[in-house]
Amino acid sequence: MTVRLSTHFLKAGDAAVAAAARCLRDGGLVAFPTETVYGLGADAGNAEAIARLYRAKGRPSFNPLIAHVGDLESARQIASFNPQALALAEAFWPGPLTLVLPKAPGCAVADLATAGLDSVAIRVPSHPVARAILRAFGGAVVAPSANLSGHVSPTTAAHVKADLDGRIDLIVDGGPVAVGVESTIVGCLDAPMLLRPGGLPRAEIERVLGRKLADVIDEADADAKPLAPGMLVSHYAPRTKVRLDADRLEPGEALLAFGPVAMPGAEAASAVLNLSERGDLNEAAAHLFSYLRALDASGARGIAVMPVPQHDLGEAINDRLRRAAVPRD
Ligand code: TXA
Ligand code: MG
């Protein structure tokens, strides 16, 4: 049984930052904006707080968390950086890149947060509110996306409230986020490997590395060992059935469009939301999760999704859409 808490809401500002830091120090759970999606933070060194965090999300505790820190200096207390990892951190932090690295000796992140692995996921967010909270708290904060396990990630404080009201201590409202999909995760254990496409396009990472990123074997492959264990195939899941690459609309369907709409049946759509009328992938990423939530709540029989190109942020958008479309019972 989960005890209902009263969840406090504060607009981002000095008072909210101070309250967030105090709450984290007391072992509490704080939702806050990052540039990618809202995170649900707990003190990375407090196993009890982390256990509460898994409970609040309804998340399996074998799914490890990302440690958020204020700068590279703090990251180096937690993880060991090889030259490639260092080059990526210097090029892209603060920003939407997570590195999976060997734990440093004396790593202060609780074993529960890393699911007992020898590696740790770590990132330096760029959102000013996230940075202010990390600075005021002074330590590492583990933060998964601030949604119930299995739901799409929250890009506004209202999304967080819809999922977690009564289950966490504090929500800091910093307005809608800028990127809209989660960070790109790169494993730097040996050859750099793309574990999750995300808010930093693959091509930018490959440019800094001077080489192609290895791809993780898809975990839909029965024998593949999941390297980013959170990437369960049906992770990003609206309740309504999602149909990809639609070139016509079926009766009763809502349309998630991209670019100009010229599709048989579109005039009869039960609802239409356009990720980006001008075909801009950054704009599309910023809209993706809130539009999926809105169409899911619209009562449509299904959600038809127009094709989205695979380049730049399109890789992350298509990854999340594929997961949203996996059949469920
Ligand atoms: O943009 C983001 O990354 C957001 C914001 C809040 O920072 N956070 C986020 O966290 O998306 P979460 O918990 O929803 O996703 C973290 C992913 C999971 O797929 C998890 O399996 C993977 O990171 N991960 C964490 N530690 C790992 C490790 N040691 N090895 C491989 N994958 C790891
Ligand atoms: Mg998540």
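# Legends for the close-up views

**Ile205 and its surroundings.** Leaving out neighbours within four places in sequence, Ile205 is in contact (heavy atoms within 4.5 Å) with Leu88, Phe92, Leu97, Thr184, Val186, Leu200 and Leu213. The model shown here is predicted, so local features need pLDDT of at least 70 and side-chain atom pairs pLDDT 80 or more, while totals for chains, interfaces and linings use all residues. Residues are numbered from 1 along each chain as its sequence is written, chains are lettered from A and ligands numbered from 1 in the order in which they are written, and side-chain values use heavy atoms, without hydrogens or water. Ile205 sits in helix H7, residues 202-209; helices (H or I, at least four residues) and strands (E, at least two) are DSSP runs, numbered from the N terminus. Is Ile205 buried or exposed? With a relative accessibility of 0%, Ile205 counts as buried; the word stands for under 20% relative accessible area, with exposed meaning over 50% and partly exposed in between (1.4 Å probe, protein chains only). Among its contacts is Thr184, which comes 21 residues away along the chain, with 9.6 Å between the two C-alpha atoms.

**A cavity with Thr184 in its lining.** Look for Thr184 again here, as one of the residues lining the largest cavity. A cavity is a set of points on a 1 Å grid over the protein atoms alone where a 1.4 Å probe fits but cannot get out, and lining residues have an atom within 4 Å of a point. The count is one cavity of 30 Å³ or more, and the largest has a volume of about 40 Å³. That volume is the space filled by probe spheres set on the points, which are joined across faces, edges and corners. The lining also includes Leu200, Arg202, Asp312 and Glu315.

**Strand E2 and its two partners.** Strands of a sheet pair through backbone hydrogen bonds, either parallel or antiparallel; here, two strands pair if DSSP finds at least two bridges between them. E2 and E3 are antiparallel partners with four bridges, and a hairpin of four residues links them. Val30 has Gly41 in E3 as its bridge partner. On E8 (residues 170-173), E2 has a parallel partner joined by two bridges, where Ala31 faces Ile171. Val30 and Phe32 point one way from E2, Ala31 and Pro33 point the other way, and all are buried.

**Thr34, just after E2.** Thr34 lies in the loop between E2 (30-33) and E3 (38-43), and is buried at a relative accessible area of 2%. Which side chain makes a polar contact with that of Thr34? Arg123 does, at 3.0 Å; such a contact is a pair of N or O atoms within 3.5 Å, where within protein one can donate a hydrogen and the other accept it, and residues adjacent in sequence count only through two side-chain atoms. A polar side-chain atom of Thr34 also lies 2.7 Å from the backbone oxygen of Val37.

**Ser145 in its loop.** Ser145 belongs to the loop between strand E7 (141-142) and helix H6 (157-164) and counts as buried at 17% relative accessibility. Its side chain and that of Asn147 share a polar contact of 2.6 Å. Beyond four places in sequence, its contacts include Val37, Tyr38 and Gly39.

**An open sheet of four strands.** Its parallel strands follow the order E12-E15-E13-E14. E12 (241-243) and E14 (272-274) are the edges, each pairing on one side only. E13 (residues 253-257) and E14 share three bridges in the parallel sense, and Leu255 stands opposite Val272 in E14.

Notes: 1 Å grid on protein atoms, 1.4 Å probe; cavity = no way out; pocket = protein on both sides within 12 Å on 5 of 7 lines; lining within 4 Å.
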